[in-house]
Amino acid sequence: MFLLTGLLAFSAALNGCATITKDANQNVQIETFTADNQPMKGVRCSAKNDRGTWTTYTPGSVSVHRSGENLEVHCELEDKPTGDGTVISRANGGMYGNILLGGGIGAIIDHNKGTAYSYPAWIRVVMGQHLVYDRKDEVENQPLAGKSTGTAPTEVAVANPQASAEVK
């Protein structure tokens with residue numbers, strides 16, 4: 001009986017590892033810069049994933065609900081080009097612990113709650129650009145500059161609605 005109780009307690013400890021070690025929410029710090037690397041303050045930024053939408057003014061942070069889905073960030077300031085970013089969601093160590101230690105139920109729980117995933121903690125949005133931010137490129141206590149996708153944000157790309165109407 002004692003052995004069975006011990007095994008059940010050990011199994012319960014392994015299941016839901018990230019649920020125990022990670023909060024379902026994560027702070028993501030956002031700062032905004034011009035294309036010539038000048039900081040911009042007071043820019044309204046929204047961050048959105050399948051769990052919700054959160055808003056802040058830069059420099060600032062949002063407490064987002066973790067998810068296996070990427071976080072889409074959109075920053076705008078009147079009469080300025082917008083800045084957009086895709087913040088990649090990556091599995092964190094708790095999820096790997098579940099998989100390696102046989103906690104299949106825990107992995108499912110952590111996936112469904114979002115606690116199995118993390119985003120970069122600090123991103124630098126460049127206005128007029130669309131960048132990709134990947135936690136694997138993150139350096140602790142440093143803003144993540146992001147990588148160019150080669151595309152401009154939607155509002156900048158369609159700055160002249162008549163020009164796009166002529167293309168039709």
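Which residues of strand 6 are on its covered face, and which are on its uncovered one? The legends below take up this strand and then its surroundings. The model is predicted.

**View 1. Strand 6 has two unlike faces, one covered and one uncovered.**
Strand 6 spans residues 71-76. Leu71, Val73 and Cys75 make up the covered face. Glu72, His74 and Glu76 make up the uncovered one. Leu71, in strand 6, is buried, with a relative accessible area of 0%.

**View 2. The whole chain is built from helices and strands.**
The chain holds 6 helices and 12 strands. It has 168 residues, and 35% of them count as buried. Take the contacts in the chain with a separation of 6 or more: 61% of them join residues 24 or more positions apart.

**View 3. An open sheet contains 6 strands.**
The strand order is 4-3-6-7-11-12, and the pairing is mixed. Strands of a sheet pair through backbone hydrogen bonds, either parallel or antiparallel. Which strands stand at the edges? They are strand 4 (52-57) and strand 12 (147-148). Each has a single partner strand, so one side of each is left without a neighbour in the sheet.

**View 4. Strand 6 pairs with strand 3 and with strand 7.**
Strand 3 covers residues 44-49 and is antiparallel to strand 6, with 5 bridges between them. Here Ser46 stands opposite His74 of strand 6. Strand 7 also pairs with strand 6 in the antiparallel sense, over 5 bridges. Val73 has Gly85 of strand 7 as its bridge partner. Strand 6 and strand 7 form a hairpin with 6 residues between the strands. In that hairpin, Asp79 takes a positive phi near 65°.

**View 5. Strand 7 and strand 11 run parallel.**
Strand 7 is made of residues 83-87, and strand 11 of residues 130-133. The two are joined by 4 bridges. Which residue of strand 11 is the bridge partner of Val87? That partner is Tyr133.

**View 6. Leu71 is buried among residues from several parts of the chain.**
Set aside the neighbours of Leu71 within four places in sequence. Its contacts are then Val28, Ala47, Lys48, Asn49, Trp54, Val64, Gly85, Thr86, Val87 and Tyr119. Ile88 lies 17 residues from Leu71 in sequence. In space, the two are 6.6 Å apart, C-alpha to C-alpha.

**View 7. Asn49 is a buried residue of strand 3.**
Why does Asn49 count as buried? Its relative accessibility is 8%, and the cut-off for buried is under 20%. The Asn49 side chain reaches the backbone nitrogen of Arg51 at 2.7 Å. Beyond four places in sequence, Asn49 touches Trp54, His65, Ser67, Glu69, Asn70, Leu71 and Tyr119.

**View 8. Side chains alternate along strand 5.**
Strand 5 runs from residue 60 to 65. Gly60, Val62 and Val64 point to one face and are buried. Ser61, Ser63 and His65 point to the other face and are not buried. Strand 1 (residues 25-33) runs antiparallel to strand 5, and 6 bridges join them. Val28 stands opposite Val62 in strand 5.

**View 9. The largest pocket holds about 160 Å³ of space.**
The lining has 10 residues. Those closest to the pocket centre are Gln26, Tyr119, Ala121, Arg135 and Glu138. By class, the lining has 3 nonpolar, 2 polar and 5 charged residues. Tyr119 is also in contact with Leu71 and with Asn49.

**View 10. The loops include a cis peptide bond and residues with positive phi.**
The peptide bond from Thr58 to Pro59 is cis, with omega near -10°. Pro59 sits in the loop between strand 4 and strand 5. Asn37 is not a glycine, yet its phi is positive, near 70°. Asn37 belongs to the loop between strand 1 and strand 2 (39-40). Asn141 is not a glycine either, and its phi is about 65°. Asn141 is found in the loop between strand 11 and strand 12. Is Asn141 buried or exposed? Asn141 is exposed, with a relative accessible area of 63%.

Technical notes
Residues are numbered from 1 along each chain as its sequence is written. This is a predicted model: local features need pLDDT of at least 70, side-chain atom pairs count only at pLDDT 80 or more; totals for chains, interfaces and linings use all residues. Side-chain values use heavy atoms; hydrogens and water are left out. Two strands pair if DSSP finds at least two bridges between them. Buried means under 20% relative accessible area, exposed over 50%, partly exposed in between (1.4 Å probe, protein chains only). On a 1 Å grid over the protein atoms alone, a cavity is a set of points where a 1.4 Å probe fits but cannot get out, and a pocket is an open set with protein on both sides within 12 Å along at least five of seven lines; lining residues have an atom within 4 Å of a point. Grid points are joined across faces, edges and corners, and a volume is the space filled by probe spheres set on the points. Ala, Val, Leu, Ile, Met, Phe, Trp, Tyr, Cys and Pro count as nonpolar, Asp, Glu, Lys and Arg as charged, and the others, Gly among them, as polar. A polar contact is a pair of N or O atoms within 3.5 Å; within protein, one must be able to donate a hydrogen and the other to accept it, and residues adjacent in sequence count only if both atoms are side-chain atoms. Contact means heavy atoms within 4.5 Å.
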